[in-house]
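Subject: Handing over a structure

Dear colleague,

I am passing a structure on to you, and you will find the sequence and the coordinates directly below. Please look through them first, and then read on for what was found.

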Amino acid sequence: MILPGATLGVVGGGQLGRMFTLRARTMGYRVVVLEPDPRSPAGAVADRQIEAQYDDPGALAELAESCAAVTTEFENVPAAALRMLADRIPVRPGADAVSVAQDRIAEKEHLEKTGFPTAGFRRVSARGAAGRAFAELGGGAAILKTSRLGYDGKGQTVVGSAAECERAFDALEGVECILERRLSLETEISVVLARGANGEAGTFPPGENRHRNGILDTTIVPARVSGRLAEEARAMALGVARSLDYVGVLGVELFVAEGGRLFVNEIAPRPHNSGHYTIDACTSDQFEQQVRTLSGLPLGSFEAHSAAAMVNLLGDLWAEGPPAWDRVLAIPGARLHLYGKAEPRPGRKMGHVTCLAPTAEEAASRCAQVRSALAG
Ligand code: ADP
Ligand code: MG
């Protein structure tokens with residue numbers, strides 16, 4: 001057990017690292033962040049930042065030296081770096097689980113092997129294979145995705161024919177890809193869960209997710225699906241975590257398609273954007289659960305004390321100067337979270353607003369008010 005007063009490490013300095021750091025410090029831990037960017041969101045609130053690349057051996061040794069345990073805040077941490085750290089201190093989640101989650105092909109193959117439903121898929125690693133894979137999936141619409149490093153819809157192309165598929169593969173410059181059958185989605189939901197080293201685990205209430213241009217736009221909680229489907233989603237997410245012997249916080253994205261059936265879309269080996277609502281609506285939020293699983297402490301309550309909806313704030317909102325926060329904060333139940341990023345680029349996640357309300361519908365309509373307040 002690692003008790004408050006000890007130092008925790010986090011690899012990565014983005015907003016997830018920032019929210020982890022803030023929570024850990026609230027609970028009395030010290031936090032060291034490994035991140036090359038000297039102006040990182042997490043570095044700004046940590047006790048110390050080691051300014052170096054994620055795979056710098058000297059920096060990793062220093063991190064292991066100064067911390068009792070280490071976690072990560074993004075999936076593309078080099079697995080070798082995590083293994084290097086794991087030789088010296090506990091690393092949660094572990095390198096094996098992270099390396100599955102950071103490679104869409106490994107991820108889908110793992111899910112298939114362990115019996116979880118996914119959209120039909122094929123590996124595409126060479127010219128010529130792309131068109132063949134398209135035909136094998138039945139010839140309907142499909143999505144070609146780079147196997148590694150894609151996020152927020154980047155590195156994805158919708159294709160409608162074998163020839164288009166070949167062209168899309170060429171345009172992605174021949175990197176290894178996965179071709180997935182494009183499901184006709186009824187809705188998208190996600191389950192954020194935490195699992196301790198002793199196997200103790202729990203899930204937050206599933207969120208209903210809407211995307212815009214491939215980027216998460218809004219999460220509404222509780223998801224407006226049947227109680228049976230919500231329970232099935234929670235059980236499926238826990239099953240996926242168990243199949244990976246996962247320790248830490250895991251985000252599981254699910255599709256609802258083909259007449260109310262669940263399909264696992266992807267997993268994120270860290271707290272998830274759709275779980276930000278837990279900061280304002282739950283007894284112990286996803287970052288607290290990350291601290292607890294990392295420290296070997298009992299898990300906190302996953303209970304939500306309110307319905308909630310969250311909207312992401314992208315850099316686009318800064319096009320004509322800082323947004324009208326006073327108008328946003330005048331909306332009842334609205335809570336503003338900004339990540340302290342210096343440069344508001346289009347498509348960049350700068351912050352989010354969570355609205356609490358007695359029902360999911362009311363929370364969603366307050367978020368719609370946030371959107372119109374921001375539109376001016
Ligand atoms: P990212 O890592 O960018 O979040 P995802 O694989 O989750 O990548 O894809 C982003 C979004 O694209 C999904 O949330 C969903 O809306 C849509 N999408 C992805 N794959 C499929 C699919 N097989 N069928 C239908 N829609 C999909
Ligand atoms: Mg996704």
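The notes that follow go from the domains to the ligand, and then to the open and closed spaces and a few points of the backbone.

Please keep in mind throughout that this is a predicted model. The protein is divided into three parts, with domain 1 covering residues 7–91, domain 2 covering 120–181 and domain 3 covering 185–375. Between the centres of domain 1 and domain 2, taken over C-alpha atoms, there is a separation of 34 Å.

The ligand is a good place to begin. Ligand 1 lies between domain 2 (120–181) and domain 3 (185–375), because both of these domains give residues to the shell around it. That shell holds 20 residues, and the closest of them are Lys145, Gly153, Gln156, Glu188 and Asn265. Sorted by class, the shell around ligand 1 is made up of nine charged, five polar and six nonpolar residues. Several strands take part, since at least two residues of the shell are supplied by each of β6 (142–146), β8 (177–181), β9 (185–195), β13 (248–257) and β14 (261–268).

Some polar contacts of the ligand can be followed atom by atom. An oxygen atom of ligand 1 lies 2.7 Å from an N or O atom in the side chain of Asn265, and an oxygen atom of the ligand is also found 3.1 Å from an N or O atom in the side chain of Glu253. With Leu183 the backbone is involved, for a polar backbone atom of that residue is 2.9 Å from a nitrogen atom of ligand 1. On its own, ligand 1 has 540 Å² of accessible area, and the protein covers 89% of this.

Turning to the spaces in the protein, the second largest pocket contains about 260 Å³ of space. Its lining consists of 14 residues, and those nearest the centre of the pocket are Arg212, Asp217, Leu314, Asp316 and Arg371. The elements that each supply at least two residues of this lining are β12 (215–221), β15 (307–314) and α12 (360–375). By class, seven residues of the lining of this pocket are nonpolar, three are polar and four are charged.

As for closed spaces, the count comes to one cavity of 30 Å³ or more. The largest cavity has a volume of about 80 Å³, and it is lined by 13 residues, with Ala101, Gln102, Arg104, Leu149 and Gly150 lying nearest its centre. In the lining of this cavity there are six charged, five polar and two nonpolar residues.

Leu149 deserves a second look for its backbone. Most residues other than glycine have a negative phi, and most peptide bonds are trans. Leu149, although not a glycine, has a positive phi of about 70 degrees, and this residue is placed in the loop between β6 and β7 (156–159).

Where are the cis peptide bonds that join Arg92 to Pro93 and Val221 to Pro222 placed along the chain? The bond between Arg92 and Pro93 has an omega of about -5 degrees, and Pro93 lies in the loop between α3 (79–86) and α4 (95–101). The bond from Val221 to Pro222 has an omega near 0 degrees, and Pro222 belongs to the loop between β12 and α8 (227–243).

With best regards

Note on methods. Residues are numbered from 1 along each chain as its sequence is written. Chains are lettered from A and ligands numbered from 1 in the order in which they are written. Side-chain values use heavy atoms; hydrogens and water are left out. Domain bounds come from an automatic or database domain assignment. A residue is near a molecule or strand if one of its heavy atoms lies within 4 Å of it. A polar contact is a pair of N or O atoms within 3.5 Å; within protein, one must be able to donate a hydrogen and the other to accept it, and residues adjacent in sequence count only if both atoms are side-chain atoms. Accessible areas come from the Shrake-Rupley method with a 1.4 Å probe; for residues, only the protein chains shown count as cover. Helices (H or I, at least four residues) and strands (E, at least two) are DSSP runs, numbered from the N terminus. Ala, Val, Leu, Ile, Met, Phe, Trp, Tyr, Cys and Pro count as nonpolar, Asp, Glu, Lys and Arg as charged, and the others, Gly among them, as polar. On a 1 Å grid over the protein atoms alone, a cavity is a set of points where a 1.4 Å probe fits but cannot get out, and a pocket is an open set with protein on both sides within 12 Å along at least five of seven lines; lining residues have an atom within 4 Å of a point. Grid points are joined across faces, edges and corners, and a volume is the space filled by probe spheres set on the points.
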